[in-house]
Amino acid sequence: MHFVASINAMSGYSEEYIRQKLTEKLEATHVPPMYGDFEAQRHWQEVTVNLPIADWYRNTTDNDLLYWGLDYPPLTAYHSYLVGSWARRWHNESFVTLHASRGISTEEHKQFMRNTVLLVDAVLYIPALMYAFNTIRKRLENEQTKSSETDCLYTALAVLFPGQILIDNGHFQYNNVSLALCALAVVSIVNRRSLIGAVLFCLALNYKQMELYHALPFFFYLLRDCFSEKGQKSTALQRLAEGVKKLALLGCTVLLTFAVLWLPWLDSFDAVGQLVHRIFPVARGVFEDKVSNVWCVVNVFIKLKHFPNTTMALICLLCTVLAVLPSGLHVLLQKTPTPRNFLYSLAVTALGFFLFSFQVHEKSILLAALPVALLLPLEPFASCWFLQLASFSMLPLLYKDGLIGAYLGLTIITLALLRVVGEMESSSKKHLPSLDVLRLGALLAKGIRYNSYGTLLEVVDESDGCGGKFRVVVVSSQFQGKPLLQRHRLVNAALEEELKTIHAFSQKTYTPEQWAGESK
């Protein structure tokens, strides 16, 4: 599917591209066309393999920043250098020839570029998703609902997410790199390997600055984890000292990772300032094209272009903080940090950034889609439909790139998979051993200590065999002297796991004496 999507027109190479080329030739304006993101990625390869590192982010005679100037962090630049070097040495030097390669659109070059994305998919992105799913299922998923078949289908749904395939393989970008690194960072957090998780997230953030959408949950979770009360025998002062030590080690790890990646520019404040300026271009405005967020809707009624960018940036910052801070504080202030809450916070925070932050692209919805996809084993229904809506939100961009056919095909496939998952889960519920009447009776008998005066009288399945509704009558001497609420709690404790999947459960509880009176 990833390969089939890559056969479609790349961004900037549809009718719009042809029209632009004809206009250029007929009017002889000598202004080079901008093409699209496909050309941007190629141009960065041209710049990085032909110019010294010091000039990658600077405006020079050979590096016109107005023509797709490099505006992603250093790890993207290094990746562009590797791909460009690969093209020049083992394929065709004309792919990255300085100046002369602009707008190259040969089939040979397009096939080369397609293969570079597919390689990342095969080597990094898909394995990272599969590893993440397997880890989350083992660590967090309810034991009662585990199924290897549905797990495989959920993984397939995530891998075949139309949005990521169409943007990376069709429109053409390398979001799969940063998303894979972030997924691996999440896995490290779930496995309680904080330092590895911090390094991996720093790599993701240094590949695409939009990974800031995920930064706050990582920050709050790791901060809370440093000071979590793991040793009850230690004093408060000892725990504080241990927490400060962990925090210092974590901070040094993050700083060292950044220092290694930014090393070529650290010899000059001007160089660092220019790099930061390129990464955060405030002058571009609140959003680009037709983004399905709050500001695009507001712009229909109030034209935001009339407000200074600095003013809008502050408004966006305030609204984003108000939207995401409650989730972050919940992660920070919980007694014991849990990976489950961390995953939910990632989804909420990324969506909050997409809806309210500054300089948002249509493609930024992929950042919210990643944690939602990782939640598929825990929240299958909500996650599946969110992924469908995320792809639909990019419809104007997909239409412009001529990707509607691929979008419809991938959507039909994923909806078919979703239906298969639903049928399998419905079937498994009907045969789930823990919901069988005899199994339920056995658990009650095990949970309530029986004697000569106590017995389980009745367990009735009132759900026509689907195991969703039960009625029980329990007689036990353990109910002696206990009010009704405590009796119900005793029965509920015997069925703690089963009640998580039972939709309706009613019970009547009696002492032997009460039951004798009822039986007369």
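This passage describes the helices, salt bridges, surface patches and selected loop residues of a predicted model.

The account begins with the annotated segments. The unreviewed UniProt entry assigns the feature "transmembrane region" to residues 112–133, 247–265, 312–333, 342–360 and 402–422. Two of these segments can be described by their geometry in the model. In the span of residues 312–333, the secondary structure is 100% helix and 0% strand, and the C-alpha atoms at its two ends are 31 Å apart. For residues 342–360, the corresponding distance between the end C-alpha atoms is 24 Å, and the span is 79% helix with 0% strand.

Helix H14 comprises residues 309–333 and contains Leu314. This leucine contributes to a nonpolar patch on the surface, which is formed by Leu314, Leu317, Val321, Leu325, Leu329 and Leu333 and covers about 550 Å². Leu314 has a relative accessible area of 58% and is therefore classed as exposed, since the cut-off for that class is over 50%. The record also bears on this part of the chain, as residues 312–333 form one of the spans that UniProt annotates as "transmembrane region".

A surface patch of another kind carries positive charge. Its members are Lys138, Arg139, Arg192 and Arg193. Arg139 belongs to helix H5, which runs over residues 107–140. With a relative accessible area of 54%, Arg139 is classed as exposed.

Helix H5 also holds a salt bridge, formed by the side chains of Lys110 and Glu107 with an N to O distance of 3.3 Å. The two residues are 3 positions apart in helix H5, so about one helical turn separates them. The partners differ in their exposure to the surroundings of the protein chain: Lys110 is buried, at a relative accessible area of 14%, whereas Glu107 is exposed, at 53%. The cut-offs that underlie this contrast are under 20% for a buried residue and over 50% for an exposed one.

In total, 5 salt bridges were counted in the model. Among them are two that share Arg42, and these link Glu39, Arg42 and Glu46 in a network. In one, the side chains of Glu39 and Arg42 meet at an N to O distance of 2.8 Å. In the other, Glu46 and Arg42 are joined at 2.7 Å, again from N to O. The spacing of these residues along the helix can be stated for each pair. Glu39 and Arg42 lie 3 residues apart in helix H3 (residues 37–50), so they are separated by about one helical turn. Glu46 and Arg42 are 4 residues apart in helix H3, which is also about one turn.

The members of this network are shielded from the surface. Glu39 has a relative accessible area of 0% and is therefore buried. Arg42 is likewise buried, at 0%, and Glu46 is buried at 1%.

Two residues in loops were distinguished by their backbone angles. His99 has a phi near 70 degrees, a positive value in a residue that is not glycine. It is located in the loop between helix H4 (74–90) and H5. His99 is partly exposed, with a relative accessibility of 37%. Gln359, also a residue other than glycine, has a positive phi of about 60 degrees. The loop that contains Gln359 connects helix H15 (339–356) and helix H16 (365–374). At 12% relative accessibility, Gln359 is classed as buried. Gln359 also falls within residues 342–360, one of the spans annotated by UniProt as "transmembrane region".

A further loop residue, Ser292, illustrates how positions separated along the chain are arranged in space. Ser292 is found in the loop between helix H12 (269–279) and helix H13 (294–301). Its relative accessible area of 40% places Ser292 in the partly exposed class. Although Ser292 and Met394 are 102 residues apart along the chain, their C-alpha atoms are separated by 8.0 Å.

Note on methods:
Residues numbered from 1 in each chain as written. Predicted model: local features only at pLDDT ≥ 70, side-chain atom pairs only at ≥ 80, totals over all residues. Heavy atoms only, no water. Patch = residues over 30% accessible without salt bridge, like charges linked within 9 Å, V, L, I, M, F, W, Y side chains within 5 Å. Areas by Shrake-Rupley, 256 points an atom, 1.4 Å probe, with all protein chains shown as cover. Salt bridge = Lys/Arg side-chain N within 4 Å of Asp/Glu carboxyl O. Lys, Arg positive; Asp, Glu negative; His and termini not counted. Charge placed at Lys NZ, Arg CZ, Asp CG, Glu CD. Buried < 20%, exposed > 50% of the residue type's maximum accessible area, 1.4 Å probe, protein only. UniProt positions renumbered as here; feature names shortened; annotations may be inferred.
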